Amino acid sequence: MEKNKELKDFIRGNKLDIECLINEYYNYIYIIVKNSVSIVIKDEDIEEIISDVFFALWKNHKKLKKSTSIKQYLTGISKNIIKNKYRSTKLNYSISDYEEQLISKENLESFAEEKEQNKIIIDTLKSMKEDEYKIFMMFYYKSKKIKEIAAELNISEGNVKVKLHRIRKVVKENLKNGGYSYGR
């Protein structure tokens, strides 16, 4: 299991290594923001929220205990910033704003199909062994390289490749059994 990093792990000579924090947690915060917002927002808005999250941590880090869990703190900040941003924004929608964006029947069917495929993938991931799940998440969601995964999990690169191959095979098979063809 991945070690829950604390604030003290990012302090270098009495200064917060914000660059290291951003490199390590940017994708994590991006997923939180993307999944927490119930409306479709632009990438620029997501970037702004992520910047606000890291700025808030940088601004308040001296007030925090050195043992503060970084993931938990960043998650809390993210959710608060999202809530405050959309609470203070008065959203006035007009149908004319969205006439061009109305969902056609084909788009609706495509959306429903994509949602069902995602459900199959999530169910497949839930049924995996813990190490397989970690490898999948590290490779596909954290964009880690096979070499990094192998080092972090203390297994060989070949083992990571074999497990990724097996995981993809299971996911493809479950999609196929769900009525979806997937690539080769």
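Asparagine 154 counts as exposed, because its relative accessibility is 69%, and in this predicted model asparagine 154 sits in the loop between H7 and H8. The chain as a whole has eight helices and two strands, and along the sequence these elements follow the pattern β-β-α-α-α-α-α-α-α-α. Of its 184 residues, 25% count as buried, and among contacts with a separation of 6 or more, 64% are between residues 24 or more positions apart.

**Two asparagines with positive phi**

- Asparagine 154, in the loop between H7 and H8, has a phi near 60 degrees, which is a positive value in a residue other than glycine.
- Asparagine 14 also belongs to a loop, here the one between strand S1 (11-12) and strand S2 (15-16), and its phi is near 70 degrees, again positive in a residue other than glycine.
- As background to these two values, most residues other than glycine have a negative phi.
- Asparagine 14 has a relative accessibility of 71% and therefore counts as exposed.

**Helix H1 and its kink**

- Helix H1 covers residues 18-36, and although it has 19 residues, its end C-alpha atoms are only 24 Å apart, which falls short of the 27 Å that a straight helix would reach at 1.5 Å a residue.
- H1 also contains a kink of about 55 degrees, and this kink is centred on tyrosine 25.
- Tyrosine 25 is itself one of the buried residues of H1, the others being Leu21, Ile29, Ile32 and Val33.

**Helix H2 and its buried face**

- H2 has 18 residues and reaches 26 Å from its first C-alpha to its last, which is close to the 26 Å expected at 1.5 Å a residue.
- The buried residues of H2 are Ile46, Ile49, Ile50, Val53, Phe54, Ala56, Leu57 and Asn60.
- Seen down the axis of H2, these buried residues fall within an arc of 150 degrees, and so they line one face of the helix.
- Glu44 and Lys59, by contrast, are exposed on the other side of H2.

**Nonpolar cores**

- The largest nonpolar core has 23 residues, of which Leu21, Ile29, Val33 and Leu74 touch the most other members.
- The elements that give two or more residues to this core are H1, helix H2 (43-60) and helix H3 (70-88), and the largest share, seven residues, comes from H2.
- Isoleucine 29 touches Ile50, Val53, Phe54, Leu74 and Ser78, when residues up to four places away in sequence are not counted.
- A second core, separate from the one above, has 13 residues and includes Ile120, Met128, Ile167 and Val171.

**Histidine 61, after H2**

- Histidine 61 is placed in the loop between H2 and H3, and with a relative accessibility of 8% it counts as buried, because buried here means under 20%.
- The side chain of histidine 61 reaches the backbone oxygen of tryptophan 58 at 2.7 Å.
- Leaving aside residues up to four places away in sequence, histidine 61 touches Leu7, Ile11 and Leu16.

**Around helices H6, H7 and H8**

- Lysine 144 is found in the loop between helix H6 (130-140) and helix H7 (146-153), and its side chain makes a polar contact with the side chain of glutamate 152, at 2.6 Å.
- Glutamate 152 also appears among the residues that lysine 144 touches, together with Met138, Phe139 and Ile149, again not counting residues up to four places away in sequence.
- Isoleucine 146 is found in helix H7, and, with residues up to four places away in sequence not counted, it touches Phe139, Glu157, Val160, Lys161 and Leu164.
- The C-alpha atoms of isoleucine 146 and glutamate 157 are separated by 6.2 Å, although the two residues are 11 residues apart along the chain.
- Glycine 158 has its place in helix H8 (residues 157-177), and its C-alpha atom is separated by 8.8 Å from that of isoleucine 146, which is 12 residues apart from it along the chain.
- The relative accessibility of glycine 158 is 40%, so glycine 158 counts as partly exposed, a class that lies between the 20% limit for buried and the 50% limit for exposed.

Key. Residues are numbered from 1 along each chain as its sequence is written. This is a predicted model: local features need pLDDT of at least 70, side-chain atom pairs count only at pLDDT 80 or more; totals for chains, interfaces and linings use all residues. Side-chain values use heavy atoms; hydrogens and water are left out. Helices (H or I, at least four residues) and strands (E, at least two) are DSSP runs, numbered from the N terminus. The expected span of a helix is 1.5 Å times one less than its number of residues. The bend at a residue is the angle between axes fitted to the seven residues ending there and the seven starting there. Buried means under 20% relative accessible area, exposed over 50%, partly exposed in between (1.4 Å probe, protein chains only). A nonpolar core is a set of buried Ala, Val, Leu, Ile, Met, Phe, Trp, Tyr and Cys residues joined through side-chain atoms within 4.5 Å. Contact means heavy atoms within 4.5 Å. A polar contact is a pair of N or O atoms within 3.5 Å; within protein, one must be able to donate a hydrogen and the other to accept it, and residues adjacent in sequence count only if both atoms are side-chain atoms. The arc is that of the directions from the helix axis to the C-beta atoms.
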